[in-house]
Amino acid sequence: MSLRQFISSRKLLRSFSSVKVNATLRWKEVASIFDLNSDVFENPRHIKIKNPVTAILIGAGHRGNIYADYAIQNPGELKIVGVADPNLERQNRVKIKYKLNPDYCFNDWEEVFSKEKFADAIIIATSDNLHAKPCIAALDAGYDILLEKPIAPTEEECRLILDKASSTNRIVGVCHVLRYSPYFRQLKEVLDAGLIGKVISIQHMEPIEQVHMSHSYVRGNWRNSKTATPIVLAKSCHDTDIIRWLVDSSAHDVHCFGNLQWFTNANAPEGSTERCTDGCKVESSCPYSALQIYLRDKQRLYVFDLPENKSEWNKVILENLKTTDYGRCVYRMDNDQPDHLTVNILFENGVTAAFSMEAHVSYEGRRTRIMGSKGDIVGDMETFELTDFKTRKKTSWKMKSDPHGGGDHRLVKDWVQAVAQQDKSLLSSSIEVSIESHLMAFGAEKSRLNRTIEEINLYNTPPPS
Ligand SMILES: NC(=O)c1ccc[n+]([C@@H]2O[C@H](COP(=O)([O-])OP(=O)(O)OC[C@H]3O[C@@H](n4cnc5c(N)ncnc54)[C@H](O)[C@@H]3O)[C@@H](O)[C@H]2O)c1
């Protein structure tokens, strides 16, 4: 055998040994191999709650109901005692579901504060531009808070909330639900245990999935960055938060490129009409046909307040497609949110992260690659592959998760514990860190618009030592 043949056979052997994969492992087995926590959600500081935390729901829409539902499944821990929503149908549903005293059902968040404090806490799940005012009023009135993300659409309002939360010393839990998904918990566990050594850099992708994009950021409430919030805040503040959490350091600088390529008037196909219901000539071949998405496939119907009786649904959906934004042509909207963007982040500890948000994809579920000094890990919310540089050993495992990874109620659980024990350290994220994740998003949007590199500074003056 020649020297060259000998070397190439050794190379071949090494590459064979490096692709050996234990693809069938589950987290419990991985945890036992590496001596990690087998239950990534276990918190020994949780106690048995004596009296349920009482809460008022402000904003009884899609998200508000998910959080309030925790009270149905855990009546010993959380009790909904009031509701505010101008949508009388939604208000009434909550009133009946939680058997509320009519005196504590309101048409507007402000009315809640015309009464003496009558609960421990408030869940704020109104639209983005209606977070800051109720949050500040609730803090002033002495309530603890569960606040939907984004905290607020502007940096100024975020900073007002930060100041108010620290001056009133109340508990403000921000709904960073991804921190409660098994996927990110397991990633964090692997990093904290040092299995890949020092984290050097991260690549993270958020695939929005094209129909989801069209629903929320082309037709829906978040389609315009000026009337709602920039998509990098509305959608990706989850990711800026999660990346910061994994890196475990403050961000120093951010930089962003991104724009709107496809959902524009210029791309409206010939024969298309204002609404999909107007006799559009390309409706049957359009991947964004509202008739297909909402009427035939019955997707994303939570925006329509459908009656209990399912036999009436088609009529109500069709009526909604003729009258609401959800029936409008995706190429004829007043949307301006980018459909792709990339953000580069430099952290204070020297770690760099490259994040990309993509709308033109057929799938959802984040993709993450973390590069470390001793190994690397790759994950896609269903599978992980961890490689050790020294041994070349690969460990792979699988998991099942919903898009939020089942995090919503785990988040409420931690928040309820924090309120019951009056201990904010039981929250996964402090309000300061939550605000920082928002500053990263505001910085990214500024950078995108102005072609600058933006410095992130939570305290405009140096932080207290
Ligand atoms: N954490 C997450 O992953 C996640 C996911 C989606 C949405 N969100 C955020 O959740 C929030 C709510 O979103 P949604 O999809 O539930 O919206 P939604 O429209 O379903 O619910 C908002 C509710 O607020 C009510 N409302 C309006 N004005 C009010 C007022 N003056 N007083 C009281 N209530 C009022 C509306 O009638 C509506 O029922 C938004 O900030 C959104 O960005 C978070």
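1. Let me start with a helix on a sheet. In this predicted model, helix α11 (residues 237-247) lies across five strands: β7 (199-207), β8 (251-259), β9 (340-347), β10 (352-358) and β11 (367-372). Relative to β7, α11 runs at about 160°.

2. Those five strands belong to an open sheet of 9 strands with mixed pairing. Reading across, the order is β14-β13-β12-β11-β7-β10-β9-β8-β15. The edges are β14 (394-398) and β15 (454-455), each of which pairs on one side only.

3. Towards the β14 end of that order, have a look at β12 (residues 375-379) and β13 (residues 383-388). They pair in the antiparallel sense, over 5 bridges. If you want a register mark, D376 stands opposite T387 in β13.

4. W397 is worth a click. This tryptophan sits in strand β14, and β14 is an edge strand. Is W397 buried or exposed? It counts as buried, because 21 other C-beta atoms lie within 10 Å and the cut-off for buried is 20 or more. Leaving aside neighbours within four places in sequence, W397 is in contact with L25, R26, W27, V30 and F384. The C-alpha atoms of W397 and T383 are separated by 5.7 Å, although the two residues are 14 apart along the chain.

5. Between β13 and β14 there is a loop, and R392 is found in it. R392 has a positive phi of about 60° although it is not a glycine. R392 counts as partly exposed, because it has 14 C-beta neighbours inside 10 Å.

6. Now the other sheet. This one is open too, with 6 strands in the order β3-β2-β1-β4-β5-β6 and parallel pairing. Its edge strands are β3 and β6 (172-174), and each pairs on one side only. Helix α4 packs on this sheet and touches β1, β2 and β3, its direction making about 150° with that of β2. Strand β2 (residues 78-84) and β3 are joined by 2 bridges and run parallel; A84 stands opposite F106 in β3. Another helix, α6 (residues 132-140), lies across β1, β4 and β5 and runs at about 160° to β5.

7. Strand β4 (residues 121-124) is a good place to see how this sheet is put together. With β1 (residues 53-58), β4 pairs in the parallel sense over 4 bridges, and A55 has A121 as its bridge partner in β4. With β5 (residues 144-147), β4 is joined by 4 bridges, again parallel; there the bridge partner of I122 is I145. In a regular strand, side chains alternate between the two faces of the sheet. Both faces of β4 are covered: A121 and I123 are buried on one side, and I122 and I124 are buried on the other.

8. Which residues have the most contacts inside the largest nonpolar core? They are A55, L57, I58, I122, I123 and I145, in a core of 120 residues. Take I58 as an example: not counting residues up to four places away in sequence, I58 touches A84, W109, V112, I122, I123, I124, A125, T126 and P134.

9. On the ligand, 24 residues surround it, and the closest are G59, G61, H62, R63 and W109. W109 also turns up among the residues that I58 touches. Helix α3 (residues 62-73) gives the most to the shell around the ligand, with 3 residues. By type, the shell divides into 10 nonpolar, 7 polar and 7 charged residues.

10. Two backbone details to check by eye. The peptide bond from K149 to P150 is cis, with omega near -10°, and P150 lies in the loop between β5 and α7 (155-168). K99 has phi near 50°, a positive value in a residue other than glycine. K99 is placed in the loop between α4 (88-97) and β3 (105-106). K99 counts as exposed, because it has 8 C-beta neighbours inside 10 Å.

11. Finally, helix α9 (residues 210-219) is mostly covered, with 8 of its 10 residues buried. The buried set is Q210, M213, S214, H215, S216, Y217, V218 and R219. These buried residues of α9 pack against α10 (231-234).

Methods:
Residues numbered from 1 in each chain as written. Predicted model: local features only at pLDDT ≥ 70, side-chain atom pairs only at ≥ 80, totals over all residues. Pairing = 2+ DSSP bridges. Contact = placed C-beta atoms within 7 Å. Axes fitted to C-alpha atoms, helices over the stretch in contact; angles between N-to-C directions. Core = buried A, V, L, I, M, F, W, Y, C linked by C-beta atoms within 7 Å. Buried ≥ 20, exposed ≤ 12 C-beta atoms within 10 Å, placed from the backbone. Near = placed C-beta within 6 Å. Nonpolar A, V, L, I, M, F, W, Y, C, P; charged D, E, K, R; others polar.
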